[in-house]
Each structure stands twice: as C-alpha cells, then as structure tokens.
Amino acid sequence: MSYATDRKMENVYALRDLATLYNKPIRAKDYKHLVETQNKKIQELMQRAWEVPFYRSRFMASDTVPGDYQTAADLYKFPVLTKAELREWMDGEAAANPKKYEHWHVSPTSGSSGAPLRTLVSPQENAWMTANWLRVLSMPGYNPFTGKTMCRPNSLHGAVKERDSVVQRFGILRRKQMSDALKNRLTSEQLLQEINDYKPDYLYNHKNVLVRVAAYAKKNNVPCHQSKFYTPFGEMMDDASRELLTEVFGPGLVDAYGMSETGSCVVRLPGRDEYQVNSDTHVVNIYNADLSGPADDGPAVITPLFKTDLPIINYVSGDSMETYTKAGLRFVKRIKGRMNDVIHHKNGDVTEWGNVAVIMNYIKEVIQYRVIQEDYENITILMVRDPGVPEERQAQVEAIITEKLGAVLRNEFAFRFQWMEEIPSDANGKLRILVSKIQ
C-alpha cells in the first residue's frame, strides 16, 4: 500500500492495533506473555533499523548486528539518541525527501526546553499512537466507544471548531474539546462550567489547566462534575497537585507519562502506588547519570517498539525515574521529572531541577509554582496557595522555602515571592516550572 492509502486507512489500522494491546492493570499471570511480546517486537524493530542508514552507522559504531538484540537489556549495547541528534536527523530527512513524507504526520514538541522538535510519523505509526492512547484510556475500565470524553483542543493556536461526526451522532466515540486556546483564552470559571455542562466520563487536559480549575472550584465552593477517570498530562505530578485534584475531581486519577515523540509509555492507575510500563509497545530502560550503563534510578531512555518506519531507539527523555524490575518487566516507583532544566551558578556549576523539586513539590500549601532565575543573584518564585490554606500562612511558607531551597542553592540567591490567583499556561499549553534567564 502507499502512504496516501495508509493515511486514509488510519482509523481502521488504529482499531486493528488496539485489539492487540494489553489494556488492563498488570497481573502476575501476564508477565511472561508481555516479556515475550516485547522481545519479539525488539527483534523486529532492530531488523528494520538495520535498513535505515542513520541506524546502520550506529550498529557499526557499537560493533553489533540486529541479532545481538533479543531483550530490553540488550538495548544497553546500542548508542543512546539525544534530542539534538533526533532533530538533526528528522530535519535532514524532511528536507532531502519531501515527496516521500508528504502523507506522513509531523508530531511537534512544545520546544519548552529550547528549539522545537518535529518528528516524522508514518500513517501506520500514527495509527499505533492512536491505539496506544485509546489503550491508556481503557486501562482503568473506561470504554472510549460508549463513554463521553472531554479533552484539550487538538491545536492551541486557534479557536475550537468542531461538530459531531456521523459516528458520534449515534453515541459512539463521543468527544468534546475544551475551548481554551491562545486565541480564545477562558477563565477557570468558564472551563469549570464547560466540564459541568458536558459531564464527561473521561477528562484529560494539561495538568496546570486542571489544577487551576480545581483551585477555583475549591476556593469558591463551586461543585465540580467528577468524571469516572481523568488524566492531567504535560507536566509531572506532585503530591500537592495530586491531593487537590483527587479532592475536587475524585479518585479516578490516571497518571500517564509520555512524550509526543514516543507516545504514552508509563501509567499509574487509580488505587495503585506504582506505575506500570506499556511493555508491549515500549521499552523504558534506566541509565546511570552519565548514560554509560544500566541503573534502577536515573535517566529514562525510551524506545517505542511500534515506530518501525523511522525508528526512535534509545531516546534520552530528559526525565528521571526510580524503578525496579520483576520477572523481566520494568515497574516505576516514582517519576522525578526533567533533568535538563537547571539553575546556573556564577562559578559555572548548575543545580539540576530535581534538587529544586525535592523542596518545592513537598510544600503542600502550594498547588502551583514557577521558579525563575533572574540572574546569578536573584530568583523569583511565583506561587498559588491551596484555597484551603489561610493567607496568614504565606509568610511561614516563604520562610521554609528560603531556608530549605536556599541551602540547596548554597545560599547564593535572594528570593522574591509573588503569590498569584493562578499562573497562566505557556503558549504550548504547559506550565514550565523552572525557567533560567541565564544563557
């Protein structure tokens, strides 16, 4: 088939692929099957990668051949792939072969950590992406075919324009986009009203959007429709946000981790204390700090096994995880978040984001924050107070942050605190929570 035909058949392919995926809370009796499925797909992926010149050179550099890769552990032998390397390769492919890719998708990242990355995704790969996301929605017990889904807009850059398809008019795959976009900014009150009017069975949007809606509802004592399940995405979950969201939106929080380049790959379901990896579609390997070998706690390196036309193998996510393995499967105890956002010191040293987060994420009086390094001596911290916390506590919170974060940053910075009703989303819909103005 041609790519043009594949593009027209994507929805059919997605339903076909969805039927093959593991879509339930993981059970011990399924471990063996999942490992076998993962191993088979690893072997197929590496055979396909051998035919791609970009990866053929990486096989040569590591003195390996496809047959050397049988399991997830074997991937530690293959070179890691950085975002800069992926960007250069993808841009080069697109420029050199425009005709080949005219029916492909371009999956853009937000560019929150620098230049945006545009990933080329074939129609069949995109069908797998869709199937994988539908699988995430269905894992806690939701039926996306009969339920009502409410989500962020497909594009944040224009006002939402949508109407029900013929299928949706019959009550199948009903989905409504929330209206908040760059050209149509809505208040938290309006977004809450949209949720209450539509009463979705499953709700997903950027974490910062759901947090500010929850904060508004709590502060103003406005009832909020509790969906059966909901997913805040785009930013890492912290204890204060989790507590607020479950208080307002209910217990059905599905914490899904992924990236636009790879799709969703790690999921924590309601009532679970740990995350399971979507091992039938992804490998999540953990490396030591310098990316030279395996570890249980450190940078997460991800391989989507369904992306076989232009593979993404051993992709350095920029995030860190605390994990363990059992019967050959990876489980995640904690996602620590970005490793490439840093505070810069005068002497050239940096303090990584995780060292800041370990202080800020555990201050439960604060439900949203942004840390801004103004220069080598001053840091501004924007904060939103939990509506249940008296305003009088703000000075105490500032003192705690000054003491604890000041110690982490070697007492080299003066802090300026700014309390806000809400912190606006960035242009990409997310809320980048560590910003350094030092180039």
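**Aromatic cluster.** I began with the aromatic cluster in this predicted model. I found Trp50, Phe54, Tyr55, Phe59, Tyr69, Phe78 and Trp89 together in one cluster. I then counted aromatic pairs for the structure and got 21.

**Tyr69 and Phe78.** I picked these two cluster members for a closer look. Their ring centres lie 5.6 Å apart and their planes stand at 90°, so I noted the pair as edge-to-face. Buried or exposed, I wondered about Tyr69? Tyr69 is buried, as its relative accessible area is 0%. Phe78 is buried too, with a relative accessible area of 3%.

**Trp128 and Phe306.** Next I turned to another pair. How are the rings of Trp128 and Phe306 arranged? The centres are 6.3 Å apart and the planes meet at 15°, so I put this pair down as stacked. I was glad to check where the partners sit, for the pair links distant parts of the chain. Trp128 belongs to helix H6 (residues 123–138), while Phe306 is in the loop between strand S11 (297–304) and strand S12 (315–326). The two residues are 178 residues apart. I looked up their burial as well: Trp128 has 17% relative accessibility, and because the cut-off for buried is under 20%, Trp128 counts as buried. Phe306 is buried at a relative accessible area of 7%.

**Charges over rings.** Last, I looked for lysines over aromatic faces. Which ring does the charged end of Lys24 sit over? I found the ring of Tyr22 beneath, its centre 4.7 Å from that charged end. I also noted Lys148 over the face of Tyr198, 4.6 Å from the ring centre.

Key: Residues numbered from 1 in each chain as written. Predicted model: local features only at pLDDT ≥ 70, side-chain atom pairs only at ≥ 80, totals over all residues. Heavy atoms only, no water. Phe/Tyr/Trp six-rings, centres within 6.5 Å; stacked < 30°, edge-to-face > 60°. Buried < 20%, exposed > 50% of the residue type's maximum accessible area, 1.4 Å probe, protein only. Helix = DSSP H or I, 4+ residues; strand = E, 2+ residues; numbered from the N terminus. Lys NZ or Arg CZ within 6 Å of the ring centre and 35° of its normal.
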